[in-house]
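Here are my notes on this one, jotted down while going through the model. Have the viewer open as you read, since the points hop around the chain.

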Amino acid sequence: MRLYQQLILFMLAVTVLPLAAVGFLLLSRAEAELAARIDAEQRILASSTAESVSAELMKTVDALARSAELFNWQTISPEELRGGLQLLYGQSPAVSAVLHLDADGKPQGPPVFRDDAESEHPGFDPREVDTLAQAVPVKALRLGSKGQAALGAAYTNSLTGHAAVAVAVKLADGEQAPFVLAEVVFSGLEALLQRRAGGSPGRIDLVDASSGRILASSQPERRLKPLEPALASLLTTGDTQVRSFQVAAAAMRVSSARVPLVPGFDVVVSVDEAVALAPVRAMRRTVLLSIGLTFGVLLALGALYTRRLNRRLSEVVAGAEAFGKGELDRRVKVEGDDELSDLASTFNRMGSELEAARARMLRWNDDLKARVDEATAELRAAQAQLLEAQKLAAVGQLGAGVAHEINNPLAGILGNTQLLMLERDDKDPDFESLRKIEQSAKRCKEITQNLLRFSQQRERPELRPVELNIVLRDALSLTENQLKGDGIVITTELASPSVRVKADPGHLSQVVLALLSNARTAMMKTEAKQLVLRTGERDGRGFLEVEDTGKGIAPEHRSRIFEPFFTTKDVWSNVGLGLSVAWRVVSEAGGTIDVRTEVGQGACFTVWLPKA
């Protein structure tokens, strides 16, 4: 981090940050107090407005109910009925129409209303008679007494565009008594809300909480529009009469009060937070501007101070960068007699020492490389000699005995088998068994010869094109019955067409038999006995795989499995020559053997051979 940056951080830590923290703490506290005062004023305004709305509605309802009790509506004449309806119509300027209904809610004659421009009553569209008649379900009021009144749900007066509500008044006692419906328009209530709002930045809405619709507002353009979704959901929860809350989604502060005696109506007083908290936020901007100006002045002073130092430090930095690139002959110019001059002198001395050390290190590297190469060559030669000596020592002790003790009995078996084959016809049931005995005897003879070849320099085997599928099938035929007798399930996945590789067919059959024998022995004590044989080609080479589900090979034994006489089999009669001979055969053919194994999960041997 540069000196100038450190100076900036120091100024931030000492001056700007404490000032900003204290200022914002005080402003946050002032904002919280202002918000609390706004909420309190809104609750008072909402509560008083709700009482005024209730008083206005109840005034109209009470006037209608008292006037209805003045007449005996069941015995008066039609002219008196018409006059009585006119009397009810004139009880309140908020009434737009009066309609006479029977006990079933059916209109009895035309509505009473005035459509002249000089009337102080709201207008009424005669085509909306059915809407008015259905606004209050009067059948539910049959059990009431004379003069009982009820309010219906709010709807829209189509002629004036204001919200309206129907008031039903029962005209007599008994279930068959008629009713009168009066439509009360909220134009007067909207004027009341506008007077209450005055010149304040907020707004007052009369809301139908059940539908979330604004029935009247101090801002006429909001009339009959849906309330903000976030605010509407808050109104439907809780049963508190007067409450305040903050609507974060709409950035508003809201207080609401339920209208007394009118269920479902709420007075909502709301104001935008940006407007309500404008003084505090303006003060916050002023504080930010002051802090910014202070910080700018400090930056300017810091720049002037550090510029003097940067001119001297630039030369030292350039010298250090040159040292980093390996230019150890570079030297820094020394001027003056201060701390920077001492630093430049130190860099120059360091460069001289590094240059001398690099020269010494290069000489040491050359000497070390020569010694390592010499030691590596000697080690490889010693390892090769040791490996050959171990092989010759192990196999040489057994070679003579194998040649005399095994080959002679095999010659007798082979000769007698061939004589028996000459005495029998090809269709004889024993002929095929004798042929297999002959082949097995020949294979044993080849195995003893391969054992001697492992430790002796002999002529190269006879390499020619061989089909892997044929070799695998021939080898499997010699031991398939034995494998199945041990309960082993054999699965073959042979390539089609068969892959042709370059190898000695007899030696390759010996490799397959050795792998099959090892797999059979590994699965003798396991529950899962699955043997999979595969052939195929990949990356320009043919391969043959023998995979079993036996006991697997321990990690400490994997490096020794191809050594002569090394075995992990439980039966000691398997003297450990199978894999060592197989490795020698495959190597002579130019191939390799890969092993994948996991203890308890089995092993997979893959023989890779060059394609023919």
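How much accessible surface does the protein have, and what share of it belongs to carbon and sulfur atoms?

1. Overall numbers. Bear in mind that this is a predicted model. The accessible surface comes to about 34,100 Å², and carbon and sulfur atoms hold 55% of that. There are 612 residues, 40% of them buried, and the protein has 13 helices and 17 strands. If you look at contacts between residues at least 6 apart in sequence, 62% of them link residues at least 24 apart.

2. The main core. The largest nonpolar core holds 42 residues. Val53, Val98, Phe186, Leu206 and Phe265 are the ones with the most contacts inside that core. Helix H1, running over residues 3-68, is the top contributor, with eight residues. A separate core of 36 residues lies apart from this one, and includes Ala475, Val501, Leu516 and Leu579.

3. Leu206 up close. Setting aside neighbours within four places in sequence, what does Leu206 touch? Its contacts include Val53, Phe186 and Phe265, which also appear among the core residues with the most contacts. Leu189, Leu193, Ile214, Leu215, Ala216, Val259 and Val267 are on the contact list of Leu206 too, and so are Arg213 and Asp266.

4. Ser96. This serine sits in strand S1 (residues 95-101). Is Ser96 buried or exposed? Ser96 counts as buried, because its relative accessibility is 0%. Its side chain makes a polar contact with the side chain of Glu183 at 2.4 Å, so take a look at that pair in the viewer. Beyond four places in sequence, Ser96 is also in contact with Tyr89, Val112, Phe113, Pro122, Gly123, Phe124, Asn157 and Val185.

5. Helix H13. This helix spans residues 578-588 and is mostly covered, with eight of its 11 residues buried. Leu579, Val581, Ala582, Val585 and Val586 are among the buried ones, and so are Ser580, Arg584 and Glu588. Leu579 also belongs to the 36-residue core. Just after H13 comes Gly590, with a positive phi of about 85 degrees.

6. A nonpolar patch on the outside. Val297, Leu301 and Leu304 make a surface patch of about 310 Å². Val297 is part of helix H7 (residues 278-324) and counts as partly exposed because its relative accessible area is 48%. As for the spacing, residues three or four places apart in an α-helix point the same way, because there are 3.6 residues a turn.

7. Backbone oddities. Some background: most residues other than glycine have a negative phi, and most peptide bonds are trans. Leu224 has a positive phi of about 65 degrees; it lies in the loop between strand S7 (213-217) and helix H5 (229-235). Leu261 has a positive phi too, about 70 degrees, and is in the loop between strands S9 (252-258) and S10 (265-272). Which class of exposure does each leucine fall into? Leu224 counts as partly exposed because its relative accessibility is 22%, whereas Leu261, at 66%, counts as exposed.

8. One cis bond. Which peptide bond is cis? The one from Ser496 to Pro497 is, with omega near 0 degrees. Pro497 is in the loop between strand S12 (489-493) and strand S13 (500-503).

Technical notes: Residues numbered from 1 in each chain as written. Predicted model: local features only at pLDDT ≥ 70, side-chain atom pairs only at ≥ 80, totals over all residues. Heavy atoms only, no water. Core = buried A, V, L, I, M, F, W, Y, C linked by side-chain atoms within 4.5 Å. Buried < 20%, exposed > 50% of the residue type's maximum accessible area, 1.4 Å probe, protein only. Helix = DSSP H or I, 4+ residues; strand = E, 2+ residues; numbered from the N terminus. Contact = heavy atoms within 4.5 Å. Polar contact = N/O pair within 3.5 Å; in protein donor to acceptor, adjacent residues only side chain to side chain. Patch = residues over 30% accessible without salt bridge, like charges linked within 9 Å, V, L, I, M, F, W, Y side chains within 5 Å. Areas by Shrake-Rupley, 256 points an atom, 1.4 Å probe, with all protein chains shown as cover. Salt bridge = Lys/Arg side-chain N within 4 Å of Asp/Glu carboxyl O.
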